[in-house]
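Trainee: Got a minute to go through this structure with me? I'd like to start with the open spaces.
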Amino acid sequence: MSQKNSVEILSCDIPAELPILPLASTVVFPFTVVSLQVVREENLELVRKLAVDDILGLVVQKVSSTEIPPTKDLTRMGVAARLANWINLTPTSVQLILIGLTRFRVESYLQTQPFLRARIGCIDAPEPGDFRNSPLIRDTLKRLETIVQIDPRIPQDVLQMIQNNLRGPGHLADQLANHLQFQLREKVEILKCIDPEDRLRITNGILKRHIAFGKVAKQIQEETQENITQSQREYFLREQLKTIRRELGEETSQEVQIRQYRERLQEGEFPQAVRQEAERELERLESIPPVSAEYGVALTYLDWIFNLPWNEETEDRLDLGSARKVLDRDHMGLDKVKNRILEFIAVRKLRGSSQKGPILCFYGPPGTGKTSLGKSIAEALGRKFFGISVGGMRDEAEIRGHRRTYVGAMPGKILQGLRRVGSANPLFIIDEIDKLGMDFRGDPASALLEVLDPDQNSTFTDLYLNLPFDLSRVLFITTANQPDAIPPALLDRMETIQLPGYSEEEKVRIAMKHLLPKQREAAGLTPQDLQLPRRTLLQVIRRYTRDAGLRRLERFIASMCRAVAKEIVEEGRREEPRRISTRHLQKYLGPPTFFPETSETGTEIGLSTGLAWTPAGGEILFIEATRMRGQGDLKLTGQLGSVMKESAQAALSFIRSRASEFGIDDGEFGKYEIHIHVPAGAIPKDGPSAGLAIAVALVSLMSGRPIRQNIALTGEITLRGRVLPVGGVKEKMMAAARAGISRVILPAHNKGDLVGLAPSVSKKVKFYPVGNVGEALEQILAAGEKKPHSATARRLANGKRTPLT
């Protein structure tokens, strides 16, 4: 876009119409050479149409942050410049070398797209003839010499260069504005001034301010130079920044932060004690230097105070129908837990917000859905959810927090969770509470006593904050596998609800409704890609999993889904649905892990079936008893614990004391050594509930009366033959049903534990409550003559028979 000879030329030797280039962060003055980098798309459009020696107009934006400034935001005064050279740095960046010519005034803008173009007018401001001896010029040059000495950023040869090329007061002002570290607004002020002497007076005043500022900065540097070290460098820089801001009348970052905290304190709703402590801490913060370590401690403390949800709550959803739908959607069964939550909602609806949150403890085998049930309850109530695991926790500071005197101190996990969810009434789940530890750092269980006590937690005091926080609005739910492992004082504060293991029928239904669709989606499969019949799922449950929960079952379903996804990718087709039958299971899951857990059939002498509880659910347990010539000793094997050994001793003593009642010759006990063995010897076994099964096996052995093998027993016995209640009844009943047991003898006091038993179990198994050993013997010993020397007894004595376990 080279300018032609036909273009109108003004008296100042520049065209009357010029393309205009807006400048955002600098000012170009006449008789100066500058280098500019152009990156804006609109400016690049202009630059690419220019040729070397073309003239363009330079104006300044009033607001430098505007990307495409309107013409009203541009200065009317500008400088015409000649393009000396330009270089393409990148496809979106061009470097210009410009020579400033003269000032001009924008008369009007002729175009705004694709770039600016304006009609301009010359500004006639001649320099005075005799200016060398001007007092104003001498004073300005003297100040220039001063600022060159105190400001290390200004090159030393600037003074000599300006003096050698001096053309008048206006020229001197322009040169000073170009070479010195003036602010953009100061340079614009100099550019707008037309009269040369007035322009120099303005520049002289700016120089005076910069000299004063430079002296202050130099004084600070000289005062701190002697003792400055690497650790003090930050303080020195902050002091300089503080001096600069004081000169400019601006707030420091410390002052801004304190002002913001005070505004939040006035506008927010805080308890009176919290408000007083925050005000005291703010006053203390104002007196602490920002470089002090104590400043950071105080700032962190205030940050915690202002970010805790002191009075911020979510509104509970009190619709029983909606809550029931959410709970039934995510979990099958578990009616006791669901009813307890619905009761809480109903009471909350009648009493309002004055109701305290209950402290619930869900206990049961792993994988029965305790934690996921907590999430469903939170959704049903419309509350936020947060959970922590305290398994293996040994430091009570994890609950109560650390005192602020310690480096890196912070609140405990309770307040951390409340801050994270931003609500004072969330559902807070504490997992694995039965696995808390204790060492020299304290006892976390003792710290939880205050948290989980509805009468105390309204004033819970974290050691870090040292301020009371109301936890009574929080709905706490804890989970455990074995409630016996929870400290009694802590267990007493909680309402315990058992989550028993799932029956086979329940597992199949859950797998079909929840687990299989979830894992199919995770593997990128559709229902047409993979079908698992009910019979296949039942086989997976029986032969590959043996736990009360669902985790192992879900892992095996996920493994089959991934294997099918791999087949589809390898074969490159998915038209035919894949139906995995029972005969295909070994291909996808490998050999079965467990073999069918079935009871014996018919009758046997000295072999009874007991029931055991494990953390993974219930199992059947075979009790084998045999005798050989000896001197009346009792031998126990099968890795039995001390309690189980004592049960065997008690059973033998009871039988010997009532030998005649059971048709046993008392003299037989002195002639034989009795050996009791519980198979699966690699697995430790303990507990008193096998006492009844051991007693029945001993009576059968010594009397020769066979035991019906379709009956299982559980119960603790005394030396008087009473049958005492035991635990884990529901899990044991499920194990009996799974093993094909048709009848179960259990203590009469355990009848209440059968309430709520799964229908699939109660239909398969009949229950016979007994109060003493005699009643159990009437049910389980086969009628007829004694057969102490039967083939069965001989096989047992010779060890030729191994019961399935």
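Trainee: How much space lies in the second largest pocket?
Mentor: About 800 Å³. Keep in mind that this is a predicted model.
Trainee: Which residues lie nearest the centre of that second largest pocket?
Mentor: Arg 153, His 210, Phe 213, Gly 214 and Ala 217. The whole lining has 26 residues.
Trainee: Which helix gives the most to that lining?
Mentor: Helix 6, with 10 residues. Helix 2 (135-150), helix 5 (184-192) and helix 7 (233-248) are also among those that each supply at least two.
Trainee: How does the lining of the second largest pocket divide by class?
Mentor: It has 11 nonpolar, eight polar and seven charged residues.
Trainee: And the largest pocket, what volume has that?
Mentor: About 1000 Å³. It is lined by 39 residues, and Gln 498, Pro 500, Gly 501, Lys 730 and Glu 731 are the closest to its centre.
Trainee: Which elements give two or more residues there?
Mentor: Helix 12 (335-351), strand 13 (495-498), helix 18 (504-522), helix 25 and helix 26 (759-762). Helix 25 gives the most, with four residues. By class, the lining of the largest pocket has 17 nonpolar, 13 polar and nine charged residues.
Trainee: Now the closed spaces. How many cavities of 30 Å³ or more are there?
Mentor: Two. The largest has a volume of about 100 Å³. The second largest holds about 50 Å³.
Trainee: What lines the largest cavity?
Mentor: 13 residues, with Asp 547, Ala 548, Gly 617, Gly 618 and Arg 738 nearest the centre. Strand 18 (617-629) and helix 25 (729-738) are the elements that give two or more residues. Six of the lining residues are charged, four nonpolar and three polar.
Trainee: And which residues line the second largest cavity?
Mentor: Gly 632, Asp 633, Leu 634, Leu 652, Arg 656, Phe 669, Tyr 672 and Ile 674. Helix 22 (642-657) and strand 20 (672-677) each supply at least two of the lining residues. The classes are five nonpolar, one polar and two charged.
Trainee: Strands 18 and 20 keep turning up. In what order do the strands of their sheet run?
Mentor: 19-20-18-17-22-25-26. That makes seven strands in an open sheet with mixed pairing.
Trainee: Which strands stand at the edges, and why is one side of each left without a neighbour?
Mentor: Strand 19 (634-637) and strand 26 (766-770). Each has a single partner strand, so one side has no neighbour in the sheet. On average, neighbouring strands are turned by 30° against each other, direction ignored.
Trainee: How do strand 22 and strand 25 run, parallel or antiparallel?
Mentor: Parallel, joined by three bridges. Leu 713 stands opposite Ile 745 in strand 25.
Trainee: Which strands does helix 25 lie across?
Mentor: Strand 17 (607-614), strand 18, strand 25 and strand 26. Helix 25 runs at about 75° to strand 18. Helix 22 lies across strands 18, 19 and 20, at about 150° to strand 19.
Trainee: Last topic, helix packing. At what angle do helix 10 and helix 15 pack?
Mentor: About 60°, with the axes 10 Å apart. That angle makes helix 10 oblique to helix 15.
Trainee: Which residues meet there?
Mentor: Asp 303, Trp 304 and Asn 307 in helix 10 meet Leu 415, Gln 416 and Arg 419 in helix 15. By class, that contact has two nonpolar, two polar and two charged residues.

Methods: Residues are numbered from 1 along each chain as its sequence is written. This is a predicted model: local features need pLDDT of at least 70, side-chain atom pairs count only at pLDDT 80 or more; totals for chains, interfaces and linings use all residues. Side-chain values use heavy atoms; hydrogens and water are left out. On a 1 Å grid over the protein atoms alone, a cavity is a set of points where a 1.4 Å probe fits but cannot get out, and a pocket is an open set with protein on both sides within 12 Å along at least five of seven lines; lining residues have an atom within 4 Å of a point. Grid points are joined across faces, edges and corners, and a volume is the space filled by probe spheres set on the points. Ala, Val, Leu, Ile, Met, Phe, Trp, Tyr, Cys and Pro count as nonpolar, Asp, Glu, Lys and Arg as charged, and the others, Gly among them, as polar. Axes are lines fitted to C-alpha atoms, for helices over the stretch in contact, and angles run from 0 to 180 degrees between N-to-C directions. Angles under 35 degrees count as roughly parallel, over 145 as roughly antiparallel, 65 to 115 as roughly perpendicular and the rest as oblique. Contact means heavy atoms within 4.5 Å. Two strands pair if DSSP finds at least two bridges between them.
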